[in-house]
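Open the model in your viewer and get ready to select. We will go one stop at a time.

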Amino acid sequence: MKRIIYKTDEGGVAVIIPSDEYLADHTIEELAAKDVPDGKAYQIIDEADVPSDRTFRNAWEYAE
């Protein structure tokens, strides 16, 4: 499973988790085009690359 990440205006990292239902009829690229704010750089990454420990979630960084 893939995730979409992008840097928020506050400097954090937003993670978009696509639903199976959405992906049944659309691509993850279509989801990114729909949900990532205009002008924001984003990456599509593997689910395993997103830390599972959310304790320090506000410290996550996004390298463009």
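In what order do the three strands of the open sheet stand? The order is S2-S1-S3, with antiparallel pairing. Strands (E, at least two residues) and helices (H or I, at least four) are DSSP runs, numbered from the N terminus. Two strands pair if DSSP finds at least two bridges between them.

Before moving on, note that this is a predicted model: local features need pLDDT of at least 70, side-chain atom pairs count only at pLDDT 80 or more, and totals for chains, interfaces and linings use all residues. Residues are numbered from 1 along each chain as its sequence is written, and side-chain values use heavy atoms, leaving out hydrogens and water.

**Stop 1: the sheet.** Select S1 (residues 2-7) and S3 (42-46). Five bridges join these antiparallel strands. Click Ile5: its bridge partner in S3 is Gln43.

**Stop 2: the helix.** Now select helix H2 (28-35). H2 lies across S1, S2 and S3 (contact means heavy atoms within 4.5 Å). H2 runs at about 30 degrees to S1. For such angles, axes are lines fitted to C-alpha atoms, for helices over the stretch in contact, and angles run from 0 to 180 degrees between N-to-C directions.

**Stop 3: the loop.** Select Lys40, in the loop between H2 and S3. Is Lys40 buried or exposed? At 24% relative accessibility, Lys40 counts as partly exposed. Buried means under 20% relative accessible area, exposed over 50%, partly exposed in between (1.4 Å probe, protein chains only).

Which residues does Lys40 touch, not counting those up to four places away in sequence? They are Tyr6, Lys7, Thr8 and Asp9. Finish with Thr8: its C-alpha atom is 8.5 Å from that of Lys40, though the two are 32 residues apart along the chain.
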